[in-house]
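Q: I'd like to learn how to read helix packing and buried cores from a model. Could we work through one together?

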Amino acid sequence: TILESFRTYPPTIVRGNASEIIVLDTMWGLANAEYNDSTTRPAGVEAVDEVDAAVDAAKRIARHLAKHSPVSKGAVAVSGAVDLVTDGKRTFRLPGGSAMMTKITGAGCPLGGVTATYLAVAEPLIAALSASLLYDRASEIAEAESDGPGSFQVALLDALWNVTADQVATSEIIETN
């Protein structure tokens with residue numbers, strides 16, 4: 001089946017909100033057998049779960065990705081109020097970003113594309129961190145320049161184009177392991 005194939009030959013990076021990460025962990029059978037929370041479900045921008053609820057699931061998925069990767073590396077990025085990025089061994093929290101991201105649709109899909117672009121030139125953990133940080137800085141800039149969700153979405157596109165490497169490089173990263 002497609003699910004079995006996806007589990008056997010997973011991508012190098014998985015990115016999603018907390019609910020999506022928890023469900024993927026469960027679908028792939030990586031979660032503990034006793035974990036069976038029926039309130040957890042993917043819900044797009046309306047994630048039911050907080051990022052902290054997905055920490056263990058994200059680490060398990062990242063280890064699974066690395067196990068099946070030709071380069072023995074993988075990463076998981078969990079979007080939320082404070083993003084989380086892990087390779088299964090090291091875990092980072094990325095404060096910042098904008099709550100306006102929850103007021104628009106379609107922000108996560110381009111983040112996946114940005115993550116893939118970084119993956120073309122960096123290892124999975126660095127790619128996932130860089131893409132998440134770029135989005136956080138761009139969303140902060142966009143929020144400062146917008147008057148609501150409509151102008152925020154346009155300002156976000158402009159900010160993604162204009163954010164500098166220095167703005168990304170000076171971002172706060174907290175290693176939590």
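A: Sure. Bear in mind that this is a predicted model. Let's start with what lies over one helix: the buried residues of α3 are covered by, among others, α1 (2-8), β1 (13-17), α2, β2, β3 (83-86) and β4.

Q: Which residues of α3 are buried?

A: They are Val55, Ala57, Ala58, Lys59, Arg60, Ile61, Ala62, His64, Leu65 and Ala66. That is 10 of the 14 residues in α3, so the helix is mostly covered, taking buried as under 20% relative accessible area.

Q: How far apart are the end C-alpha atoms of α3, and what span should its residues give?

A: The idea is to use 1.5 Å a residue, and for the 14 residues of α3 the expected span is 20 Å. The end C-alpha atoms of α3 are 20 Å apart, so the two agree.

Q: Now for pairs of helices. At roughly what angle do α2 and α3 cross?

A: You look at two things, the gap between the axes and the angle. For α2 (residues 18-27) and α3 (residues 55-68), the axes come within 9 Å and cross at roughly 55°. That angle makes α2 oblique to α3. The crossing of this pair is left-handed. On the α2 side, Ile21, Ile22, Leu24 and Asp25 make the contact, and on the α3 side Ala57, Ala58, Arg60 and Ile61 do.

Q: What about α4 and α5: is their crossing left-handed or right-handed?

A: Right-handed. Their axes come within 8 Å, with a crossing angle of roughly 135°, which means α4 is oblique to α5. From α4, the residues in contact include Pro110, Val114 and Tyr118, and they face a set from α5 that includes Ala127, Ala131 and Leu134.

Q: And how do α5 and α6 pack?

A: Their axes are 8 Å apart, at an angle of about 130°. So α5 is oblique to α6 as well, and this crossing is right-handed. Among the residues that meet are Tyr135, Ala138 and Ala142 in α5, with Phe152, Leu156 and Leu160 in α6.

Q: Why can α5 be called largely enclosed?

A: Count its buried residues: 16 of the 22 in α5 are buried, so the rest of the structure largely encloses this helix. Its span checks out too, because 22 residues at 1.5 Å each should give 32 Å and the end C-alpha atoms of α5 are 32 Å apart.

Q: Could you zoom in on one residue of α5? Is Ala138 buried or exposed?

A: Ala138 has 0% relative accessibility, so it counts as buried. Beyond its neighbours within four places in sequence, Ala138 is in contact with Leu156, Ala159 and Leu160. The C-alpha atoms of Ala138 and Gly97 are 7.7 Å apart, although their positions lie 41 residues apart along the chain.

Q: How do I read a nonpolar core, and which residues touch the most other members here?

A: In soluble globular proteins, nonpolar side chains tend to be buried together. Here the largest core has 29 residues, and Val85, Phe152 and Leu156 touch the most other members. β2 (75-79), β4 (91-94), α4 (108-119), α5 (124-145) and α6 (149-162) each supply at least two residues, and α5 gives the most, with 10. Apart from this core lies another, of 18 residues, including Ile21, Leu30, Val51 and Ala54.

Q: What does Phe152 contact, leaving aside its neighbours within four places in sequence?

A: Ser98, Met100, Met101, Ile104, Ser139, Ala142, Glu143 and Ser146.

Technical notes
Residues are numbered from 1 along each chain as its sequence is written. This is a predicted model: local features need pLDDT of at least 70, side-chain atom pairs count only at pLDDT 80 or more; totals for chains, interfaces and linings use all residues. Side-chain values use heavy atoms; hydrogens and water are left out. A nonpolar core is a set of buried Ala, Val, Leu, Ile, Met, Phe, Trp, Tyr and Cys residues joined through side-chain atoms within 4.5 Å. Buried means under 20% relative accessible area, exposed over 50%, partly exposed in between (1.4 Å probe, protein chains only). Helices (H or I, at least four residues) and strands (E, at least two) are DSSP runs, numbered from the N terminus. Contact means heavy atoms within 4.5 Å. The expected span of a helix is 1.5 Å times one less than its number of residues. Axes are lines fitted to C-alpha atoms, for helices over the stretch in contact, and angles run from 0 to 180 degrees between N-to-C directions. Angles under 35 degrees count as roughly parallel, over 145 as roughly antiparallel, 65 to 115 as roughly perpendicular and the rest as oblique. A crossing is left-handed if the near helix is turned anticlockwise from the far one by less than a right angle, and right-handed if clockwise.
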